[in-house]
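Work through the exercises below with the structure in view. Each task is followed by a solution in steps.

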Amino acid sequence: MWLRFKSKRAEEFNIDIVSVGNLTVGGSGKTPLVIALASSHENTAIILRGYGRDSSGLYVVKDKTKILYDVSISGDEAMIYAHKLPNAVVIVSEDRKEGILKAKEMGVKSIFLDDAYSKHDIKKRDILIEVNSINNRCLPSGPFRERLWRGKDVSVLVDGVDFKRRVELKYATQKMSLVTAIARPERLDEFLPDLVSKNYFADHHSFKKEELEEILLRDNADSLLVTYKDFVKVENFNLPLSLLDLEIELVHPFIKE
């Protein structure tokens, strides 16, 4: 990974590009942070790989006015952006450079890349969320994908210092069963109300209506408690849902620049 970093030359795309990510595998809150940053920008685009989607290649999931594809094509994270950023363009593409060129073609003035620290061949501003781990080794011996390389200009944001997480419980019922398919679901514990049960699925799991109905029936629950990442995949199942809606409040105004 060090050789890969040293061998790359950053290409200039003549547009403001900000990458938000972290150095470890698993979730760290990238999506809500991107939403918080991008919401202060007009005429912007979000570009991401679209991990877990049933498609490949480049898709404009949402133009400046409407959502063009369903969650199977977009993937869950892209659909969150499409819902939460009504005025932004959302593009999924394994090739981020193709996505950038498409966004420029659509006339945007700034671009946010979801999880693109490793794209050392793109000139951009890098923002990383600090993730602490007792194991500081890189894959396959530890959780780190690569290092914070010397010579790379990066802003490292600390949870609780540079930003704060705020969770709103919506559509609560008396008996709720948690159902979630996010990385490191224990992150939710501090925000959870009393529950009938906790049901964890693999990150980016594609839910089936029948398995969710089975949980409701087994627990005699009034609703399923889900995160927004889960909600975008199950909202059309016509099941009773409660929502843990996570938002991030930026502490330092300079982050919005």
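The exercises cover two sheets and a pair of helices in this model, which is predicted.

**Exercise 1.** Find the order of the strands in the open sheet of seven strands, and name its edge strands.

Solution.
- Reading across the sheet gives β3-β4-β2-β5-β1-β6-β7, and the pairing is mixed.
- At the edges are β3 (59–62) and β7 (154–157), each of which pairs on one side only.
- Ignoring direction, neighbouring strands here are turned by 25° against each other on average.

**Exercise 2.** Determine whether β1 and β6 run parallel or antiparallel, and how many bridges join them.

Solution.
- Strand β1 covers residues 16–21 and strand β6 covers residues 125–129.
- The two run parallel and are joined by four bridges.
- As a point to locate on the model, V18 stands opposite R125 in β6.

**Exercise 3.** Describe the open sheet of five strands: what is its order, and why do β8 and β10 each have one side without a neighbour?

Solution.
- The order is β8-β12-β11-β9-β10, again with mixed pairing.
- Because β8 (163–170) and β10 (197–200) stand at the edges with a single partner strand each, one side of each has no neighbour in the sheet.
- From one strand to the next, the twist averages 25°.
- The partner of β8 is found from the pairing: β8 and β12 (residues 241–250) pair in the antiparallel sense over eight bridges.
- Within that pairing, V167 has L246 of β12 as its bridge partner.

**Exercise 4.** Which strands of the five-stranded sheet does helix α6 touch?

Solution.
- Helix α6 spans residues 209–219 and packs on the sheet.
- The strands touched by α6 are β9 (176–180), β10 and β11 (223–227).
- The direction of α6 makes about 160° with that of β10.

**Exercise 5.** Characterise the packing of helix α2 against helix α4: how do their axes cross, and which residues make the contact?

Solution.
- Take α2 as residues 30–38 and α4 as residues 76–84; their axes come within 11 Å and cross at roughly 30°.
- Angles under 35 degrees count as roughly parallel, so α2 is roughly parallel to α4.
- The crossing of α2 and α4 is right-handed.
- On the α2 side, the contact is made by K30, T31, V34 and I35.
- On the α4 side, E77, I80, Y81 and K84 take part.
- Sorted by type, the residues of this contact are four nonpolar, one polar and three charged.

Technical notes. Residues are numbered from 1 along each chain as its sequence is written. This is a predicted model: local features need pLDDT of at least 70, side-chain atom pairs count only at pLDDT 80 or more; totals for chains, interfaces and linings use all residues. Side-chain values use heavy atoms; hydrogens and water are left out. Two strands pair if DSSP finds at least two bridges between them. Axes are lines fitted to C-alpha atoms, for helices over the stretch in contact, and angles run from 0 to 180 degrees between N-to-C directions. Contact means heavy atoms within 4.5 Å. Angles under 35 degrees count as roughly parallel, over 145 as roughly antiparallel, 65 to 115 as roughly perpendicular and the rest as oblique. A crossing is left-handed if the near helix is turned anticlockwise from the far one by less than a right angle, and right-handed if clockwise. Ala, Val, Leu, Ile, Met, Phe, Trp, Tyr, Cys and Pro count as nonpolar, Asp, Glu, Lys and Arg as charged, and the others, Gly among them, as polar.
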